[in-house]
Amino acid sequence: MSNTDGTKGLSVQKRAALESRLEGGLVQVRLDSNIGGVVLPDFLMDRVQVTLNLSYSFRCDVFVIDEIGVRITLSFSGRKFLCVLPWSSLYFMQSLDAEREVVGEADIFIESVPKGILEHYGLTM
């Protein structure tokens, strides 16, 4: 399998996990905004760990999930912003209930976790 095939396979896994979780409600994702193609408000860029909440129940102008990643209009301090989240940037997904409490186990895509975060927890790839 080529590296491209491996990346594509991981993207398919991430998409399936996110879509399944979204069917259940609110999903918290973590991503590395240093990855090429990520578009977020300036104050969230250049961070290895950005946490966002996603839900089909949000009143988003845009919410697209496709083979490239997620494009969603989110609100930051009352201002709408079109966020672009390539699959390669996402490394953590967790379902939350209506009170924003954790539900079940998280999906962690270890291949995509930034090196600095792995080192912080004493892990290596």
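**View 1. The hairpin between strand 3 and strand 4 turns through 3 residues.** Strands here are DSSP runs of E at least two residues long, and helices are runs of H or I with at least four, all numbered from the N terminus. Strand 3 and strand 4 run antiparallel and are joined by 3 bridges; for two strands to count as paired, DSSP has to find at least two bridges between them. If you want a residue pair to look for, Val64 sits opposite Arg71 of strand 4. Keep in mind that this is a predicted model, with local features requiring pLDDT of at least 70, side-chain atom pairs counted only at pLDDT 80 or more, and totals for chains, interfaces and linings using all residues. Residue numbers start from 1 along each chain as its sequence is written, and side-chain values use heavy atoms, with hydrogens and water left out.

**View 2. A second hairpin links strand 4 to strand 5, with 2 residues between them.** In the turn, Ser77 takes a positive phi of about 50°. Strand 4 covers residues 69–76 and is tied to strand 5 by 8 bridges, again antiparallel. Two of the facing pairs are easy to pick out: Ile72 has Cys83 as its bridge partner in strand 5, and Thr73 stands opposite Leu82 in strand 5.

**View 3. Strands 3, 4 and 5 make an open antiparallel sheet in the order 3-4-5.** Its edges are strand 3 (63–65) and strand 5 (79–86), each of which pairs on one side only. Neighbouring strands are turned by 25° against each other on average, direction ignored; the axes behind that angle are lines fitted to C-alpha atoms (for helices, over the stretch in contact), and angles run from 0 to 180 degrees between N-to-C directions. How enclosed is strand 4? It is largely enclosed by the rest of the structure, because 6 of its 8 residues are buried. Buried means under 20% relative accessible area, exposed means over 50%, and partly exposed is in between, using a 1.4 Å probe and protein chains only.

**View 4. Thr73 is a buried residue in strand 4.** Its relative accessible area is 10%. Leaving aside residues up to four places away in sequence, Thr73 touches Cys60, Asp61, Val62, Lys80, Phe81 and Leu82, where a contact means heavy atoms within 4.5 Å.

**View 5. The largest pocket holds about 190 Å³ of space.** Its lining is made up of Asn53, Phe58, Arg59, Cys60, Thr73, Leu74, Ser75, Phe76, Lys80 and Arg100. Which strand gives the largest share of that lining? Strand 4 does, with 4 residues. For the grid-minded: on a 1 Å grid over the protein atoms alone, a pocket is an open set of points with protein on both sides within 12 Å along at least five of seven lines, a cavity is a set where a 1.4 Å probe fits but cannot get out, and lining residues have an atom within 4 Å of a point. Points are joined across faces, edges and corners, and the volume is the space filled by probe spheres set on them.

**View 6. Another open antiparallel sheet has 4 strands in the order 2-1-6-7.** Strand 2 (50–54) and strand 7 (102–108) are the edge strands, each pairing on one side only. The twist averages 20° from one strand to the next. Strand 1, residues 26–31, pairs with strand 2 in the antiparallel sense over 5 bridges, and Gln28 has Asn53 as its bridge partner in strand 2.

**View 7. Leu18, in helix 1, is buried at 0% relative accessibility.** Not counting residues up to four places away in sequence, Leu18 touches Val27, Val29, Leu54, Ile65, Val70, Trp87 and Met93. Leu18 and Met93 are 75 residues apart in sequence, yet their C-alpha atoms are 7.1 Å apart in space.

**View 8. Leu22 is found in helix 1, which covers residues 3–24.** With 3% relative accessibility, Leu22 counts as buried. Beyond residues up to four places away in sequence, Leu22 touches Val27, Leu54, Ser55, Tyr56, Phe63 and Ile65. Ser89 is 67 residues from Leu22 along the chain, and the C-alpha atoms of the two are separated by 18 Å.

**View 9. Confidence along the chain averages a pLDDT of 92.** That score is the predictor's confidence in each residue, from 0 to 100, and 94% of the residues score at least 70. Over residues 1–5 the pLDDT is below 50, and this stretch has 1 contact in the model beyond near neighbours in sequence.
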